[in-house]
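I am opening a new page for this protein and want to note, entry by entry, what I looked up. My plan is to start with confidence and fold, and then to turn to side-chain pairs.

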Amino acid sequence: VGATVLVVDWDAGEGIGVRPASWVDFTAAEASARATGDALAGLFSAMAAADPWGRVAITAHSLGAHVAVRALSQVDDPSGRFSVASQAACMPACIRR
């Protein structure tokens with residue numbers, strides 16, 4: 001089966017932990033996840049334009065779930081046909097804002 005595999009990574013700092021400084025890292029990780037989701041939306045939009053019947057399968061962990069959902073919510077797909085074949089989120093950490 002012809003498939004393209006794409007791995008998206010971003011600077012998540014040290015995430016959340018016990019020490020107080022890690023809360024600052026998590027705030028930075030949230031901001032980075034938002035920016036990465038915004039950028040990924042452009043890629044998904046380009047994929048939708050290239051293949052309106054295209055389908056993607058997404059697997060995400062932690063803030064990666066937010067990255068994926070944010071990107072998908074901003075896809076510019078005039079055909080309305082681009083779709084997510086499946087999405088699996090392991091321990092999702094979606095931002096409430």
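**Entry 1, confidence.** I note at the outset that this is a predicted model, and so I looked up the confidence before anything else. The mean pLDDT of the protein is 80, and 75% of its residues reach 70 or more. Among the elements, I find the highest mean pLDDT in α2, at 89, and the lowest in β2, at 82. I keep in mind that predicted coordinates should not be read in detail where pLDDT is low.

**Entry 2, fold.** I count two helices and two strands in the secondary structure, and reading along the sequence I get the pattern α-β-α-β. Taking the contacts between residues at least 6 apart in sequence, I see that 75% join residues at least 24 apart.

**Entry 3, surface and interior.** The protein exposes about 6,400 Å², of which carbon and sulfur atoms supply 59%. Of its 97 residues, 30% are buried.

**Entry 4, aromatic pair.** How many aromatic pairs does a search of the whole structure find? I get one, formed by Phe-44 and Phe-82, whose ring centres are 6.3 Å apart. Their planes stand at 45 degrees, and I therefore enter the pair as tilted, since stacked would require planes under 30 degrees apart and edge-to-face over 60. I then asked where the two residues lie: Phe-44 is in helix α1 (residues 21-50), while Phe-82 is in the loop between α2 (63-73) and β2 (83-90), so the pair ties together parts that are 38 residues apart in sequence.

Are these two rings' residues buried or exposed? Phe-44 has a relative accessibility of 6% and counts as buried, and Phe-82, with a relative accessible area of 13%, is buried as well, because the cut-off for buried is under 20%.

**Entry 5, salt bridge.** I turned next to charged side chains, which can pair when their charged atoms are of opposite sign and come close. The structure holds one salt bridge, and I find it between Asp-38 and Arg-70, with the closest N and O atoms 2.7 Å apart. This pair links distant parts of the chain, as Asp-38 belongs to helix α1 and Arg-70 to helix α2, 32 residues apart.

I also looked up how accessible the two partners are. Asp-38 has a relative accessible area of 34% and is partly exposed; Arg-70, at 25%, is partly exposed too, because partly exposed covers the values between the 20% and 50% cut-offs.

Conventions:
Residues are numbered from 1 along each chain as its sequence is written. Side-chain values use heavy atoms; hydrogens and water are left out. Rings of Phe, Tyr and Trp (its six-membered ring) pair if their centres lie within 6.5 Å; planes under 30 degrees apart count as stacked, over 60 as edge-to-face and the rest as tilted. Helices (H or I, at least four residues) and strands (E, at least two) are DSSP runs, numbered from the N terminus. Buried means under 20% relative accessible area, exposed over 50%, partly exposed in between (1.4 Å probe, protein chains only). Contact means heavy atoms within 4.5 Å. Accessible areas come from the Shrake-Rupley method with a 1.4 Å probe; for residues, only the protein chains shown count as cover. pLDDT is the predictor's confidence in each residue, from 0 to 100. A salt bridge is a side-chain nitrogen of Lys or Arg within 4 Å of a carboxyl oxygen of Asp or Glu.
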